[in-house]
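I opened this model to look up its overall make-up, its core, its sheet pairings and its ligand shell. My notes follow in the order I checked things.

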Amino acid sequence: MMKKMLFTDSFLKTGAPAGGDAVRAASHPVCKEVREEQMNICVIGTGYVGLVTGAVFADLGNDVICVDKDESKIEMLKQSEMPIYEPGLEEMVVRNVEDSRLAFSTDIGEGVRKSEVVFIAVGTPPAEDGYADLSAVTDVAKIIARNLDRYKVIVNKSTVPVGTGDLVREVIDRNKIRDVEFDVVSNPEFLREGSAITDTLYPDRIVIGAPNGNVAMRIVELYAPLERPMLITDVHSAEMIKYASNAFLATKISFINAVANICERAGADIVQVIKGMGFDSRIGPQFLNAGLGYGGSCFGKDASCLIHTADRLGYDFKLLRTVVDINSEQPLRFVDKIRNALGDLEGKTIGILGLAFKPNTDDMRDAKSIDVIGALIADGAAVKAYDPIAIDNAKKIFPQIQYSSNAYDTAEDSDALVIITEWNEFKLLNLERLKERMKRPIIFDGRNMYDPQRMKRLGFEYHCIGRCDNAKGSNGINGH
Ligand SMILES: NC(=O)c1ccc[n+]([C@@H]2O[C@H](COP(=O)([O-])OP(=O)(O)OC[C@H]3O[C@@H](n4cnc5c(N)ncnc54)[C@H](O)[C@@H]3O)[C@@H](O)[C@H]2O)c1
């Protein structure tokens with residue numbers, strides 16, 4: 001197993017080793033060799049991760065070909081139309097296509113043959129048993145094998161359970177037709193949808209799990225222009241870092257939601273509790289917001305996969321199981337609040353503000369709106385919904401509900417408004433105007449966006465999470 005080395009930001013900027021294990025990237029022979037030429041890169045899978053990665057590597061001066069089996073996606077990209085919404089992405093793609101550094105194709109084999117580094121960025125959805133479905137990864141590994149015409153580094157950027165690097169190596173070895181060497185690296189991705197370009201340009205860290213130092217250096221050189229902290233480690237540890245990070249963040253969210261549920265019973269205010277906790281530098285305020293729970297394409301599936309990985313390795317990860325349970329219950333508790341306040345929902349009109357799993361994305365995967373709207377419809381409510389950009393995707397899931405073009409139209413004749421996604425524009429709503437349009441001025445705020453005292457003054461019945469459903473509580477008074 002290779003020695004672990006740590007590259008710090010200051011080290012990459014100054015060239016001075018910052019710790020005992022730091023090594024200067026540029027002094028490494030492989031890096032010198034690579035630095036003098038642009039790298040030819042193939043990125044397989046043009047989703048959130050692949051497309052953003054490809055665009056950023058092209059922007060750093062490399063020749064990048066992004067390939068995907070989805071013909072319609074590639075056709076859109078060839079016409080400079082983005083298949084996903086991501087701030088700054090379109091400009092970056094167009095600029096690099098115009099400068100001939102970025103191209104799109106459905107010919108995966110050709111992309112592999114043209115490149116010295118091949119990134120795998122295909123989806124790894126949950127399998128039926130909760131483990132990861134690795135079929136897309138093994139499918140592309142077979143294509144890579146058949147097109148391996150000279151030494152290449154295969155970099156796994158998809159989130160994959162520990163041991164998948166070994167599996168990719170085996171599949172390529174078994175299927176390659178020429179006697180050519182290759183290496184498999186794990187380079188997990190930590191970008192967040194909605195800020196994917198910024199996160200890729202300024203990542204907190206870059207993790208490179210490689211079988212040896214020479215291979216690691218090729219990837220270090222690729223990322224060196226970003227001047228961000230890099231951790232070079234072995235493949236298994238890199239794979240585990242990704243799962244452990246997402247599972248830890250999911251744990252923070254479920255933990256604070258559980259505390260919020262106790263606050264409601266105890267008459268405490270979760271917003272004050274979070275402030276008090278967040279000042280502790282060992283805890284920090286990030287990812288401590290009470291709400292409807294985590295959603296999106298990653299946390300749920302990654303937590304589930306880590307539980308199953310642990311099971312396969314003979315360890316019962318009880319803590320993470322409970323994190324998942326708390327997260328599944330949270331939107332249902334919220335629907336109970338709506339039922340308790342409104343009574344029978346049959347025939348009532350409920351307006352939904354926010355559909356995407358979080359702001360600044362149109363991604364509906366595991367969005368909490370799905371649980372809440374699903375339960376409201378099952379109870380016989382008529383649902384109207386608005387989201388700044390996720391309506392087209394939401395229509396694929398709920399074709400039967402009514403969609404509005406803004407929050408005020410959603411409020412029109414509604415028996416209640418329900419906030420699911422904390423879009424910035426909802427913070428800036430004219431609440432008096434909103435109230436005038438509603439049949440009854442009742443708001444259920446699943447993201448604690450407003451001050452309960454202000455809502456009361458404005459004449460709303462305001463229900464939120466962990467702070468205001470109890471009169472005896474500390475009601476958001478600052479410094480209480
Ligand atoms: N979305 C995120 O925020 C995020 C963040 C970090 C890591 N990840 C991980 O990155 C990976 C990709 O996620 P994503 O959100 O970009 O997924 P995505 O679904 O948006 O994109 C995956 C792409 O892979 C393509 N694909 C699937 N099978 C293929 C095949 N056999 N050949 C060629 N192309 C194929 C699909 O057509 C699709 O365009 C996943 O493992 C995910 O867990 C995602």
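Entry 1, a strand pair. I started with Ile 208, whose bridge partner in β9 is Ile 232. The two strands, β8 and β9 (residues 230-233), run parallel and are joined by 4 bridges. I then checked which way the side chains of β8 (residues 206-209) point. Ile 206 and Ile 208 point one way, Val 207 and Gly 209 the other way, and all are buried. I note here that this is a predicted model.

Entry 2, overall make-up. I listed 20 helices and 15 strands for the chain. The chain has 480 residues, of which 46% count as buried. For contacts with a separation of 6 or more, I found that 71% are between residues 24 or more positions apart.

Entry 3, the core. Which residues touch the most other members of the largest nonpolar core? I found Ile 44, Phe 119, Ile 208, Ile 219 and Val 418, out of 133 residues in that core. Helix α11 (residues 235-266) supplies the largest share, 10 residues. The core lies between domain 1 (5-243) and domain 2 (291-463), because both give residues to it. In soluble globular proteins, nonpolar side chains tend to be buried together.

Entry 4, Ile 44. I looked up the contacts of Ile 44, leaving aside its neighbours within four places in sequence. Gly 50, Val 67, Ile 108, Gly 111 and Val 118 are among them. The list also holds Phe 119, Ile 120, Ala 121, Val 122 and Val 140. Ile 44 and Phe 119 are both in the group that touches the most other core members.

Entry 5, the open sheet. I traced 6 strands with parallel pairing, in the order β12-β11-β10-β13-β14-β15. Why do β12 (402-403) and β15 (461-463) each have one side without a neighbour in the sheet? They stand at the edges and each has a single partner strand, so one side is left free of a sheet neighbour. Further in, I checked β10 (residues 349-353) against β13 (residues 416-419), which pair in the parallel sense over 4 bridges. Ile 352 stands opposite Val 418 in β13, and Val 418 is one of the core residues I listed in entry 3.

Entry 6, the ligand shell. I counted 26 residues around the ligand, the closest being Gly 45, Gly 47, Ala 136, Ser 158 and Thr 159. Which elements give two or more residues to this shell? They are α3 (48-59) and α7 (135-146). By class, I recorded 10 nonpolar, 9 polar and 7 charged residues in the shell.

Key
Residues are numbered from 1 along each chain as its sequence is written. This is a predicted model: local features need pLDDT of at least 70, side-chain atom pairs count only at pLDDT 80 or more; totals for chains, interfaces and linings use all residues. A nonpolar core is a set of buried Ala, Val, Leu, Ile, Met, Phe, Trp, Tyr and Cys residues joined through C-beta atoms within 7 Å. A residue is buried if 20 or more other C-beta atoms lie within 10 Å of its own, exposed if 12 or fewer, and partly exposed in between; C-beta atoms are placed from the backbone. Domain bounds come from an automatic or database domain assignment. Two residues are in contact if their C-beta atoms, placed from the backbone, lie within 7 Å. A residue is near a molecule or strand if its C-beta atom, placed from the backbone, lies within 6 Å of it. Ala, Val, Leu, Ile, Met, Phe, Trp, Tyr, Cys and Pro count as nonpolar, Asp, Glu, Lys and Arg as charged, and the others, Gly among them, as polar. Two strands pair if DSSP finds at least two bridges between them.
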